[in-house]
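Welcome! Take a look at the structure below, and then we can walk through its pockets and one of its helices.

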Amino acid sequence: MSTLFARVFRQAWATFEHTGAGDTKFASNLNALRRLVDQLTLADIGLEPSLVATETFQQPTKAPCTYVGVFENDRFAMSVFVLRENYTMPLHDHPQMHGLLRVVSGAVQICSYSEIARRDTVEPRAEGGTLRRHVLVVAEPEKIISSAAGDCAVLTPTERNFHEITAIGGPAAFFDILSPPYNTASQPQYYFYRKVPVPRHLAEMEPLGFGGPDKPSAQEDERPRYVLETIPNPEHYYCDTVHYATPEFMYQQAEGGGGGGGGV
């Protein structure tokens, strides 16, 4: 465990515990956090290289993804995901979240989308209803990020908060910080999606039920547009979990800072 990771944790605490998105200090705190996260390595977090070894994923019962829960309270969460080579974490959303993603081993390709508008309907079922969501999005430029220093991806409540992630050139591990975390009272459930092309004439008109003020039209924005449609959790997406030994500085910050949290 490194002093750098302790600084990352304390800066995340300062960013998400003591300032909100509307606070004048939030942007500078988030930028300071990003500069620190940009430098992180697998060793800084205290994880073994064997976690990302090709041989690990050759075991017949190994899941295509490994999840390491590092820290979580009601304001932010830290975790590490390890993906098998060429495996794609399915397209999913990060509703109303700020997030930082740092590759700490290998390289990934990220395909991200930003929301323009959405339409929700509830399909009746025998026991309650099932939400069916369609989201009109623009595709952001594909990005390949690696464990090279200074290569961090950022998502916001309105930009790049739908994405899918593929490990390329071998297994890859990435560390992320999300605020607010999933499964809190203030945070909606996440969903998986499939991408549906939008004919250009519909994109220009905005499909029925969509729309929204202050959103660029297709004539003004040349990025490709798609509709994302909710789907059930993909059967191919499942994770093994690895226990994380919570470092002492996390306990000290939680106790001294008046917040909760702990390792998984």
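How much space lies in the largest pocket? In this predicted model, the answer is about 560 Å³. Its lining is made up of 28 residues, and those nearest the centre are Tyr67, Phe81, Tyr182, Tyr190 and Tyr237. If you would like to trace the walls, start with the strands: E1 (65–72), E2 (77–83), E3 (88–93), E4 (98–124), E8 (162–179) and E11 (239–241) each supply at least two lining residues. The largest share, 5 residues, comes from E8.

The second largest pocket has about 290 Å³ of space and a lining of 15 residues, with Thr130, Leu131, Thr230, Ile231 and Pro232 nearest its centre. Strands E5 (129–139), E9 (192–197) and E10 (225–231) are the elements that give two or more residues to this lining.

Here is how the two linings divide by class:

| Pocket | Nonpolar | Polar | Charged |
|---|---|---|---|
| Largest pocket | 19 residues | 7 residues | 2 residues |
| Second largest pocket | 6 residues | 4 residues | 5 residues |

Now for the helix. H2 runs over residues 26–37, 12 residues in total, and spans 16 Å from its first C-alpha to its last, close to the 16 Å expected at 1.5 Å a residue. Which residues of H2 are buried? They are Phe26, Asn29, Leu30, Ala32, Leu33, Leu36 and Val37. These buried residues lie on the same side of H2 because they cover an arc of only 160° around the axis. The general pattern helps here: an α-helix has 3.6 residues a turn, so residues three or four places apart point the same way.

How values were computed. Residues are numbered from 1 along each chain as its sequence is written. This is a predicted model: local features need pLDDT of at least 70, side-chain atom pairs count only at pLDDT 80 or more; totals for chains, interfaces and linings use all residues. Side-chain values use heavy atoms; hydrogens and water are left out. On a 1 Å grid over the protein atoms alone, a cavity is a set of points where a 1.4 Å probe fits but cannot get out, and a pocket is an open set with protein on both sides within 12 Å along at least five of seven lines; lining residues have an atom within 4 Å of a point. Grid points are joined across faces, edges and corners, and a volume is the space filled by probe spheres set on the points. Helices (H or I, at least four residues) and strands (E, at least two) are DSSP runs, numbered from the N terminus. Ala, Val, Leu, Ile, Met, Phe, Trp, Tyr, Cys and Pro count as nonpolar, Asp, Glu, Lys and Arg as charged, and the others, Gly among them, as polar. The expected span of a helix is 1.5 Å times one less than its number of residues. Buried means under 20% relative accessible area, exposed over 50%, partly exposed in between (1.4 Å probe, protein chains only). The arc is that of the directions from the helix axis to the C-beta atoms.
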